[in-house]
Amino acid sequence: ALNTGFQRAQGDVVITMDADLQDSPDEIPELYRMITQEGYDLVSGWKKKRYDPLSKTIPTKLFNATARAVSGIYLHDFNCGLKAYRKKVVKHIEVYGDMHRYIPFLAKAAGFKKIGEKVVQHQARKYGVTKFGLNRFVNGYLDLATLWFQSKFGKKPMHFFGLLGSLMFI
């Protein structure tokens, strides 16, 4: 859905947010301002104070720490759905599967370097149910490994094998 929305977006700034009403639309003007006046390519929301159970917050902290280390992007909350993007960003990335949580990594790989964050208010879930679970957690790490591999070896995949690998083709 995000990829289709990004393809059809026409405005200079694109804002996304989850439909479960855990994020407030009152945050939108400041996100917009950060893109248009401060020159950010992407601004991600940071749910600094969360209203989720520990069974979700602890794995989320671990996930975010790993994503920061692998991507080199210092964001506290990669998976916050409340984000603002410069139009060029959404037109140069392809979001598929569960890669929505790595949009900042995809943007950086596409050459967009000015990535920031804004503390946003998080509200307890009123509607819907969480999709978080062990399967999603494991798949998230597999997706992160895929993006790391693509960013490191995408243009020169044989470098993954190094000198030893090149000897196999002699």
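How exposed is Arg33, buried or partly exposed? In this predicted model, Arg33 counts as partly exposed because its relative accessibility is 26%, a value that lies between the limit of under 20% for buried residues and the limit of over 50% for exposed ones. The surroundings of Arg33 are taken up again below, once the overall fold has been set out.

The secondary structure comprises seven helices and four strands, and these elements follow one another along the sequence in the pattern α-β-α-β-α-β-α-α-β-α-α. The protein has 170 residues, of which 39% count as buried, and its accessible surface comes to about 10200 Å², with 59% of that area belonging to carbon and sulfur atoms. If one takes the contacts between residues at least 6 apart in sequence, 76% of them join residues that are at least 24 apart.

The strands provide a convenient frame for the rest of the description. Four of them form an open sheet in the order β1-β3-β2-β4, and the pairing within this sheet is mixed. Because β1 and β4 (115-119) stand at the edges and each has a single partner strand, one side of each is left without a neighbour in the sheet. From one strand to the next, the twist averages 20°. Strands of a sheet pair through backbone hydrogen bonds, and they may do so in either the parallel or the antiparallel sense.

Two of the pairings can be followed in detail. Strands β1 and β3 run antiparallel and are joined by four bridges, and along this pair Val14 stands opposite Tyr85 in β3. Strand β3 (residues 83-86) also pairs with β2, again in the antiparallel sense, over three bridges, and here Ser44 is the residue that stands opposite Lys83 in β3. Helix α2 lies across β1, β2, β3 and β4, and the helix runs at about 145° to β1.

Strand β2 also holds Trp46, whose relative accessible area of 18% is the reason why this residue counts as buried. Leaving aside residues up to four places away in sequence, Trp46 touches His76, Asp77, Glu117, Lys118, Val119 and Val120. For one of these, Asp77, the separation from Trp46 is 31 residues in sequence, whereas the C-alpha atoms of the two residues are 5.1 Å apart in space.

The charged side chains give a second view of how the parts of the chain are connected. Side chains of opposite charge can pair when their charged atoms come close, and a search of the whole structure finds six salt bridges. One of them joins the side chains of Lys47 and Asp23, with a distance of 3.8 Å from N to O. This pair links distant parts of the chain, since Lys47 sits in the loop between β2 (42-46) and α3, while Asp23 sits in the loop between β1 (13-16) and α2 (28-36), and the two residues are 24 apart. Lys47 is buried because its relative accessible area is 8%, and Asp23 likewise counts as buried because its relative accessibility is 1%.

Arg33, with which this account began, takes part in salt bridges with two partners. The closest N and O atoms of Arg33 and Glu30 are 2.7 Å apart, and those of Arg33 and Glu38 are 2.4 Å apart, with the result that Glu30, Arg33 and Glu38 are linked in a network of salt bridges. Glu30 and Arg33 both lie in helix α2, where a spacing of three residues amounts to about one turn of the helix. Both acidic partners count as partly exposed because the relative accessible area is 30% for Glu30 and 32% for Glu38.

A final feature of the surface is nonpolar. Val70, Trp148 and Phe149 make a surface patch of about 230 Å². Val70 belongs to helix α3 (residues 54-71), and it counts as partly exposed because its relative accessibility is 31%, a value that also satisfies the requirement of over 30% for residues that make up a patch.

Key
Residues are numbered from 1 along each chain as its sequence is written. This is a predicted model: local features need pLDDT of at least 70, side-chain atom pairs count only at pLDDT 80 or more; totals for chains, interfaces and linings use all residues. Side-chain values use heavy atoms; hydrogens and water are left out. Patches are made of residues with over 30% relative accessible area and no salt bridge: like charges are joined within 9 Å, nonpolar side chains (Val, Leu, Ile, Met, Phe, Trp, Tyr) within 5 Å. Accessible areas come from the Shrake-Rupley method with a 1.4 Å probe; for residues, only the protein chains shown count as cover. A salt bridge is a side-chain nitrogen of Lys or Arg within 4 Å of a carboxyl oxygen of Asp or Glu. Buried means under 20% relative accessible area, exposed over 50%, partly exposed in between (1.4 Å probe, protein chains only). Contact means heavy atoms within 4.5 Å. Two strands pair if DSSP finds at least two bridges between them. Axes are lines fitted to C-alpha atoms, for helices over the stretch in contact, and angles run from 0 to 180 degrees between N-to-C directions.
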